[in-house]
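Visitor: I would like a close look at a single part of this model. Please choose one helix and show me how it sits among its neighbours.

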Amino acid sequence: MLSRATIRARSTAGACLLCQWRSFSVSYQRLANKTPSPQTTKPSTPPSTPAPAPDAASKDAASAAPVSPIESLRESGPLANAPRAYGKALDTFTPTHLSRPIGMHNPPNPGENTGIDTRTLQQKRDDFVNYEKHLKKREMLKSKISRPYFRDWRNMQFHKGKTFLAPPRLFKADLSLYFPNLHGRTLAKDDAAKVADTTPLLEGHCSVVTVFSSMWAENQIRTFVSPEANPVLQSVLKQSGGRAQLVQINIEEDAMKAWLVRLFMGSLRKKVDEDDWKRYFLVTKGITDEIRESIGLLNSKVGYTYLVDHNCRIRWAGSGDAEGDEKEGLIKGVQRILDEMTKEGVGKNYVRKTAAVPELKAEGSVAAQ
């Protein structure tokens with residue numbers, strides 16, 4: 001007769017065997033039954049002489065990554081030491097005169113920098129499955145997220161946000177760089193001019209272009225161009241016979257602010273003359289980091305003033321409030337460009353004659369006239 005201890009021992013042993021059976025897998029049995037493949041013996045090769053070690057120069061060249069145009073502008077551009085909304089914060093800064101022209105190296109064309117996605121469904125699908133483009137977009141989003149929100153306001157402590165001082169004279173025409181094409185809504189009521197590009201408007205004219213995105217910035221550009229602060233400039237523009245003009249560009253990349261500006265466009269039309277409605281732009285898209293670095297839009301809370309000739313080249317630029325003889329320099333620059341247009345015979349039947357400007361390597365290669 002079996003005792004309780006014997007029955008308990010047998011049940012425990014059965015349970016352990018059951019657990020062991022459950023722990024086995026069929027794959028182990030397949031691997032166990034698999035016959036090893038015959039190994040092929042490779043012929044022995046004679047020892048070769050070791051390759052010479054690469055020198056330090058070749059190592060540096062191999063390890064050096066290609067530098068993007070934006071990074072090259074940040075490091076070696078004419079505004080490399082200016083404060084920005086990203087990067088390292090500066091404790092002290094003193095603006096200096098522009099030593100080299102600023103702008104884009106390629107001439108602008110209508111339809112550029114619109115911010116409108118014109119890709120087809122097939123192109124969107126190809127971009128969606130492209131891993132390299134995903135990495136680029138990830139880096140772009142990381143750079144935007146990592147930017148301090150109040151950095152632009154903090155940089156206003158340096159001379160009221162003045163990024164640079166205007167050059168004492170105009171830059172030479174053949175070495176000047178181009179103002180980019182911008183696309184936006186104007187104050188005009190007719191459908192043909194309600195949404196337009198800046199390039200057709202700037203071509204064939206001497207243009208004083210102001211760029212701002214806040215009330216503070218708008219007050220700053222008024223120190224350059226308003227009738228109260230610079231009446232001589234207004235008289236020169238009126239006496240030019242339509243060859244010189246004032247173009248205002250209001251940049252509002254925030255969707256809510258842009259909607260508010262469009263809502264109150266009626267009040268803006270009361271402040272601007274009806275003849276200048278087509279010269280007031282509200283730009284909401286298309287301002288890339290490359291454009292900001294190229295033309296010096298480094299602080300969104302600061303106003304910038306540019307003098308653009310009839311070939312869309314930036315011949316003079318100012319930032320912040322007008323200081324010293326900057327207003328007089330702007331007036332002389334407008335008169336100088338008008339004289340150049342008269343010598344070249346630039347009139348209503350203007351034919352565009354522009355070409356890409358090569359990159360400037362030396363600071364002293366561009367002399368001001």
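Guide: What follows takes one helix and works outward from there. The model is predicted.

Start with the overall frame. The protein chain has 15 helices and seven strands. Of its 369 residues, 37% count as buried. Take the contacts between residues at least 6 apart in sequence: 80% of them join residues at least 24 apart.

The part to look at is helix α10, residues 215–225. Begin inside it, at A217, which has its place in this helix. A217 has a relative accessible area of 0%, so it is buried. Which residues does A217 touch, leaving out those up to four places away in sequence? They are F212, K301, V302 and G303. F212 falls within strand β3, which spans residues 206–212. G161 also belongs in this picture. G161 and A217 are 56 residues apart in sequence, yet their C-alpha atoms are 9.6 Å apart in space.

Next, look at a charged pair within α10. In general, side chains of opposite charge can pair when their charged atoms come close. R222 and E218 do this: their side chains meet in a salt bridge, 3.4 Å from N to O. Both residues lie in α10, four residues apart, about one turn of the helix. How do the two partners stand in terms of accessibility? E218 has a relative accessible area of 16%, so it is buried. R222 is at 37%, so it counts as partly exposed.

Now turn to the sheet. Helix α10 packs on it, touching β3, β4, β6 (304–308) and β7. The direction of α10 makes about 155 degrees with that of β3. The sheet is open and has seven strands, in the order β2-β1-β5-β4-β3-β6-β7. Its pairing is mixed. At the edges are β2 (195–197) and β7 (314–319), each of which pairs on one side only. From one strand to the next, the twist averages 30 degrees.

Follow the strand pairs across from β3. Strand β3 runs parallel to β4 (residues 244–251), and seven bridges join the two. One position to find is V208, whose bridge partner in β4 is L246. Strand β4 also pairs with β5, in the parallel sense, over four bridges. There, I249 has F281 of β5 as its bridge partner. Strand β5 then meets β1. These two run antiparallel and are joined by two bridges. Here T186 stands opposite F281 in β5.

Strand β5 itself (residues 280–283) is covered on both faces. Y280 and L282 are buried on one side, and F281 and V283 are buried on the other.

Return to α10 and its helix partner. Two packed helices are described by the angle between their axes and the distance between the axes. For α10 and α15, the angle is about 60 degrees and the axes are 9 Å apart. The two helices are therefore oblique to each other. Helix α10 contributes T223, F224 and V225 to the contact, and α15 contributes E326, K327 and L330. By type, the contact residues divide into three nonpolar, one polar and two charged.

One of those contact residues leads further. E326 also forms a salt bridge with K162, at 3.2 Å from N to O. K162 lies in the loop between α7 (151–154) and β1 (183–186), whereas E326 is in α15 (residues 326–344), so the pair ties together parts that are 164 residues apart in sequence. Both K162 and E326 are buried.

How many salt bridges does the structure hold? The count is 12. Another of them joins R279 and D276, with their closest N and O atoms 3.0 Å apart. R279 counts as buried because its relative accessibility is 16%. D276 is partly exposed, with a relative accessible area of 28%. Elsewhere, salt bridges with shared partners join D309, R313, R315, R336 and E340 into one network.

Put α10 back together. Its residue A217 is buried. R222 and E218 form a salt bridge. The helix packs on the sheet, and it also packs against α15.

Note on methods
Residues are numbered from 1 along each chain as its sequence is written. This is a predicted model: local features need pLDDT of at least 70, side-chain atom pairs count only at pLDDT 80 or more; totals for chains, interfaces and linings use all residues. Side-chain values use heavy atoms; hydrogens and water are left out. A salt bridge is a side-chain nitrogen of Lys or Arg within 4 Å of a carboxyl oxygen of Asp or Glu. Buried means under 20% relative accessible area, exposed over 50%, partly exposed in between (1.4 Å probe, protein chains only). Axes are lines fitted to C-alpha atoms, for helices over the stretch in contact, and angles run from 0 to 180 degrees between N-to-C directions. Angles under 35 degrees count as roughly parallel, over 145 as roughly antiparallel, 65 to 115 as roughly perpendicular and the rest as oblique. Contact means heavy atoms within 4.5 Å. Ala, Val, Leu, Ile, Met, Phe, Trp, Tyr, Cys and Pro count as nonpolar, Asp, Glu, Lys and Arg as charged, and the others, Gly among them, as polar. Two strands pair if DSSP finds at least two bridges between them.
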